[in-house]
Amino acid sequence: LTASSGLLNAGNADGSTTNVSGSFNLNGGALTTGGAQVIDFSLAATQLDNLATSLAGMATTPGDSCVLLYGTTTCTASANDLNIIDAGSAALFSGNSINLVATGSNVTLVINVPGASDSLGGAGFTSFGNGVTVLFNYYQATSLALGASSFTNSVLAPFANVSAAGGSFNGTLVGNNFNGQ
C-alpha cells in the first residue's frame, strides 16, 4: 500500500507493506501491515471477476435506459428492486454530467458499461437519494479513469487499472490496481 496524499475516512486499509507519506490522513480508520491476512485476496478476486461477468450477461430491465442529451447522461431505473441497464457505450459517461433517476421502490441499479479503456465522470453527478444503490459494472475494462467528481455510487472494475484525478468517492471501488488522489 502506497499513499502520498488524501484521506481515508472511517475505513481501514491493510497491506503487506506500506509507504505512507505526505498529506495522507486517517480519520476514524486504521492502517495495518504485515499481520495475518484478513482477506483471501485470491479468492475474493475470483469471486468479483465472476460477479462482473455474471452481471454483464443480464438483460436490460424493460423501461430502463441511459440517454445522452446536451452533455448530460440520464439513466432511469423504472422497476422495483433490481434494475439492469446495458449502457452500450462507455462514451455515455466520459466527461458528461450524470443524472440518475429511480421511479421504482427499493431500487438497486446495475449499469453494465462495455469497453477496455474507459472513463467515468468529470462533470458531476445528480443522484437519486432515498436509499437507492448504484453499481457501475466495468466488466471489460483494463483501464478506468475516474474524473474529478464526487461519487456516491460503487464501481466494479476487477480487471482495470483505475486512476483518479481528485474528487471524492463515497462507495465501494473494486479494481485490479488504483493510482490517484
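Helices (H or I, at least four residues) and strands (E, at least two) are DSSP runs, numbered from the N terminus. By that reading, the protein chain has 1 helix and 17 strands. This is a predicted model, in which local features need pLDDT of at least 70, side-chain atom pairs count only at pLDDT 80 or more, and totals for chains, interfaces and linings use all residues. Residues are numbered from 1 along each chain as its sequence is written, and side-chain values use heavy atoms, with hydrogens and water left out.

**Figure 1. The whole chain and its confidence.** Let us start with the overview. The predictor's confidence in each residue, pLDDT, runs from 0 to 100; its average over the protein chain is 83, and 87% of the residues score at least 70. Among the elements, strand 7 (residues 82-86) has the highest mean, 95, and strand 11 (residues 125-126) the lowest, 64. Where pLDDT is low, the predicted coordinates should not be read in detail. Of the 181 residues, 34% are buried (under 20% relative accessible area, with exposed meaning over 50% and partly exposed in between; 1.4 Å probe, protein chains only). The chain exposes about 9400 Å², and carbon and sulfur atoms supply 50% of that area (Shrake-Rupley method with a 1.4 Å probe; for residues, only the protein chains shown count as cover). Contact means heavy atoms within 4.5 Å. Among contacts between residues at least 6 apart in sequence, 48% join residues at least 24 apart.

**Figure 2. The hairpin of strand 5 and strand 6.** Strand 5 (residues 65-69) pairs with strand 6 in the antiparallel sense, over 5 bridges; two strands count as paired if DSSP finds at least two bridges between them. Within this pairing, L68 has T73 of strand 6 as its bridge partner. The hairpin has 2 residues between the strands, and Y70 is found in that loop between strand 5 and strand 6. Y70 is exposed, at 78% relative accessibility, and its phi is near 55°, a positive value in a residue other than glycine. For context, most residues other than glycine have a negative phi.

**Figure 3. Two faces of strand 6, and a disulfide.** Follow the side chains along strand 6 (residues 72-77) and you will see them alternate: T73, C75 and A77 point to one face and are buried, while T72, T74 and T76 point to the other and are not. One of the buried residues, C75, is joined to C66 by a disulfide, S to S 2.1 Å (a pair of cysteine sulfur atoms within 2.5 Å). This rule gives a count of 1 disulfide. The link of C66 and C75 is right-handed, with 110° about the S-S bond. C66 is buried at a relative accessible area of 15%, and C75 is buried at 0%. Strand 6 also pairs with strand 8 (residues 97-102), here in the parallel sense over 6 bridges, and T72 stands opposite S97 in strand 8.

**Figure 4. D81 in its loop.** D81 lies in the loop between strand 6 and strand 7. Its relative accessible area of 41% makes D81 partly exposed, and its phi is near 65°, a positive value in a residue other than glycine. Not counting residues up to four places away in sequence, D81 touches S105, N106, V107 and T108. D81 and T133 are 52 residues apart in sequence and 9.9 Å apart in space, C-alpha to C-alpha.

**Figure 5. Strand 9 between its partners.** Strand 9 is mostly covered, with 4 of its 5 residues buried. Strand 7 pairs with strand 9 in the parallel sense over 5 bridges, and the bridge partner of I84 in strand 9 is V110. Strand 9 is also joined to strand 12 by 5 bridges, and these two run parallel. In this second pairing, I111 stands opposite F136 in strand 12.

**Figure 6. The largest nonpolar core.** A nonpolar core is a set of buried Ala, Val, Leu, Ile, Met, Phe, Trp, Tyr and Cys residues joined through side-chain atoms within 4.5 Å. The largest one has 28 residues, of which F93, I111, V113, L120, F136, Y138 and L144 touch the most other members. Strand 6, strand 8, strand 9 (108-112), strand 12 (133-137), strand 13 (143-146) and strand 15 (154-164) each give two or more residues to this core. Strand 15 supplies the largest share, 5 residues. Apart from this core lies another, of 8 residues, among them L55, L135, L156 and V174.
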